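Visitor: Could you take me on a close look at a single part of this model, and link it to what lies around it? I would enjoy one connected account.

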Amino acid sequence: MDSPYPPLIDGFGRVADDLRISVTDRCNLRCTYCMPAAGLPWLPRTDILTFEEIARVAGLLVGAGVKTIRLTGGEPLVRRDLVHLVEMLAALAPRPDLALTTNGVLLAEAAASLAAAGLDRVNVSLDSLRRERYEKITRRDELDRTLAGMEAAAAAGLTPVKVNMVVMRGTNDDELVDFARFARDEGYVVRFIEYMPLDADGRWTSDDVVAAEEMLETLAAAGVETEGFADESPEPATRYSIEGREKGTQAGEIGVIPSVTAPFCDRCNRIRLTAEGGFRTCLFALEEVDVRGPLRAGAGDDEILALLRKAVAGKWAGHKIGSPDFQRPRKSMSQIGG
Ligand code: SAM
Ligand code: SF4
């Protein structure tokens, strides 16, 4: 079935067809690059969109050409009955591709039912394979459960299981090679991500960022032969194949995402719905459009879609990290939905 409404196009001709939905601002970890040790003031439950409200907005956006929906948070698996939301989204027409970004801690218990409900893939965030370091970064001792979650996801067919590693200078940048080999040996796909200024503590400095170029140099210097390959997907990662990787599958592939040093803003196809119903056209946006208000005031579909369309039309060219007029958003990554 084709989309019944015209696509969402911004003033620079970019088509928005990738929607990220944050289902909660809460989390069971406290990653230093994202949340403070004490957590954040959580949103009152009544401020959070219900599954029906989320599915209604998602349905309108799918009708206007959105092809991929990724559930995120906070930690999406701490939201009760998430499986039910997956079922509701899988029933939309045209059916979107459904993915989940999770820290993996609760994934082992949930993977099979998520797959049965219609989830297609998962990204699991993991920043260290060393137990003590994992605990230092996340402030919780959950490495084993995260690894078990990844295995369960692969067994449930939520593949390729992608591993997101935020690379931070002096914190975990000596594990690049370990992660590349881990991906090859376990059949996962790894994405090395540059550290962005979205930590709630506001401690980020550009010195903490390991540029994607440097990551590739490190891999090459360690004898990990990487071979780039042509990439036609809209995904922002530049993808490489590690030596010894089984060809013909994505398993073992590595990719670098230079969100800071070479942002993909000029081909950005993303839009976001926050847990409390804010519509954002950029991770770094300084403003968001309130959708929850009109939803709860009884607005019709045309009215809501017009609001979303107007927001997309006004999307800016891109963020300006590194330039003197860069302004951090007031919200941190867990509050926006990464
Ligand atoms: N809790 C889930 C998780 O950790 O996967 C989903 C939400 S989390 C905010 C989404 C992604 O944002 C994770 O892959 C996380 O590593 C990434 N992230 C959080 N803070 C970041 C930062 N300051 N720079 C780069 N990536 C960040
Ligand atoms: Fe939680 Fe994900 Fe933020 Fe870590 S990165 S504190 S797991 S929301």
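Guide: Happy to, starting with a cut-off: a residue counts as buried when its relative accessible area is under 20%. This is a predicted model, and in it Thr-138 has a relative accessible area of 3%, so Thr-138 is buried. Thr-138 belongs to helix H4, which covers residues 131–138. Leaving aside residues up to four places away in sequence, Thr-138 touches Leu-29, Arg-30 and Cys-31.

Two of those names lead us on to ligand 2, since Leu-29 and Cys-31 are among the residues around it. The others around ligand 2 are Cys-27, Tyr-33, Cys-34, Met-35, Gly-74, Asn-103 and Ser-334. By class, this shell holds six nonpolar and three polar residues, with no charged ones.

The second largest pocket has another make-up: its lining comprises five nonpolar, three polar and six charged residues. There are 14 lining residues, and Val-23, Arg-45, Ile-48, Arg-79 and Arg-80 lie nearest the pocket's centre. The space in this pocket is about 370 Å³.

Let me finish with the strands. In strand E10 (residues 270–273), Arg-270 and Arg-272 point one way while Ile-271 and Leu-273 point the other, and all are buried. Strand E1 (residues 18–22) pairs with E10 in the parallel sense over four bridges, with Arg-20 opposite Arg-272. E10 also pairs with strand E11 (residues 278–280), here in the antiparallel sense over two bridges, and Leu-273 stands opposite Phe-279. E10 and E11 form a hairpin with four residues between them, and Gly-277 in its turn has a positive phi of about 85 degrees.

Note on methods
Residues are numbered from 1 along each chain as its sequence is written. Chains are lettered from A and ligands numbered from 1 in the order in which they are written. This is a predicted model: local features need pLDDT of at least 70, side-chain atom pairs count only at pLDDT 80 or more; totals for chains, interfaces and linings use all residues. Side-chain values use heavy atoms; hydrogens and water are left out. A residue is near a molecule or strand if one of its heavy atoms lies within 4 Å of it. Ala, Val, Leu, Ile, Met, Phe, Trp, Tyr, Cys and Pro count as nonpolar, Asp, Glu, Lys and Arg as charged, and the others, Gly among them, as polar. On a 1 Å grid over the protein atoms alone, a cavity is a set of points where a 1.4 Å probe fits but cannot get out, and a pocket is an open set with protein on both sides within 12 Å along at least five of seven lines; lining residues have an atom within 4 Å of a point. Grid points are joined across faces, edges and corners, and a volume is the space filled by probe spheres set on the points. Buried means under 20% relative accessible area, exposed over 50%, partly exposed in between (1.4 Å probe, protein chains only). Contact means heavy atoms within 4.5 Å. Two strands pair if DSSP finds at least two bridges between them.
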